[in-house]
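Hi,

Here is the structure I promised to pass on. My notes on the ligand site and one helix pair follow below.

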Amino acid sequence: MFEIELKPEEFTLFRNYIYEKVGISLSEQKSTLVKGRLNKRLNHLGLKSFRDYYNHLTSDTSGEELTFFVSAISTNVTSFFRETSQWTWLKGYLPELIASKKEKKIRIWSAGCSSGEEPYTILMFLQENLPDFESWDIKILATDISSKVLTHAIAGYYEPKSVEQLPKEIVAKSFERIHINNQLKYKVRPILKEKVLFRLYNLITDPFFFKNKFDMIFCRNVMIYFDDKNRHELIGRFTRLLPKGSPIFLGSSESLTTHKDTLKLLGSSIYQKL
Ligand SMILES: C[S@@+](CC[C@H](N)C(=O)[O-])C[C@H]1O[C@@H](n2cnc3c(N)ncnc32)[C@H](O)[C@@H]1O
């Protein structure tokens, strides 16, 4: 494999493009990361320079190369029941949510859902904790910018190691054990799967077309790459989609320094709309 150099002016091109398209803010120090992670891709495509790769990336109207680029420089890491303390908090909040309901209807947005573990966890959680789960009209909107992770999420098959930490009863209720090419997989059961609507959606550039409010929004470990401006605007838009008293969940390493007049920190990176 040839080691292809990334010139500073080429890095600037990528930096501006990726900021405009995805909102990811790449600092100068990320030049080595971009070069390292994309060298193999350039070799695979038979390209001789990062300038050629830039032309390839920007002329690809399918968006697939953008997905590839974003996956190479960021992370899709996720897991079932990630951020344990947030699920404990949600268990305590559930009676309040139920009491506030005139209709048995719950709407939740998992924004930046990666390969689906987060929206399916929300449903597993509700299945365990919401009385008469089956009588509720529940819909989870689960969105991501990457078509690759969404394809995995929609298929709903997971490796045994992804579910091994979960309580056995939850696994039995939520997954079917199936074999694909003699390999054991855990397939999300239709009763959960049918409640999730997966959509390709860019949180920075796509319009906020939502007519109705959500009961809660999860946007965990997504804004880590965004700059203050994009983070601020996105949180503002999320807040307008929540009724008073409703929570928004961020990743445990994320905290807000803005929106103090509209959002109150409840702990564990959970904020409540005031
Ligand atoms: C680290 S994963 C987090 C998954 C899950 N929320 C969790 O906490 O386990 C971050 C996800 O955000 C998505 N993402 C990054 N930028 C995005 C954007 N501008 N719009 C939508 N999704 C984005 C990535 O594709 C990735 O799947």
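**Ligand site and a helix pair**

Glu118 puts a polar side-chain atom 3.0 Å from a nitrogen atom of the ligand, which fits the cut-off for a polar contact (a pair of N or O atoms within 3.5 Å). The protein covers 99% of the 610 Å² of accessible area that the ligand has on its own (Shrake-Rupley method, 1.4 Å probe).

Before you go on: this is a predicted model, where local features need pLDDT of at least 70 and side-chain atom pairs count only at pLDDT 80 or more, while totals for chains, interfaces and linings use all residues. Residues are numbered from 1 along each chain as its sequence is written, and side-chain values use heavy atoms, with hydrogens and water left out.

Back to the ligand: Arg82 has a polar side-chain atom 2.8 Å from one of the ligand's oxygen atoms, and a polar backbone atom of Val22 is 3.0 Å from a ligand nitrogen. Of the 20 residues around the ligand, the nearest are Thr78, Arg82, Gly112, Asp144 and Asn221 (a heavy atom within 4 Å counts as near).

As for the helices (DSSP runs of H or I, at least four residues), helix 2 (residues 31-45) packs against helix 4 (residues 64-73) at about 140°, with the axes 9 Å apart (lines fitted to C-alpha atoms over the stretch in contact, angles from 0 to 180 degrees between N-to-C directions). That makes helix 2 oblique to helix 4 (not under 35, over 145 or 65 to 115 degrees).

Cheers

Terms used:
A polar contact is a pair of N or O atoms within 3.5 Å; within protein, one must be able to donate a hydrogen and the other to accept it, and residues adjacent in sequence count only if both atoms are side-chain atoms. Helices (H or I, at least four residues) and strands (E, at least two) are DSSP runs, numbered from the N terminus.
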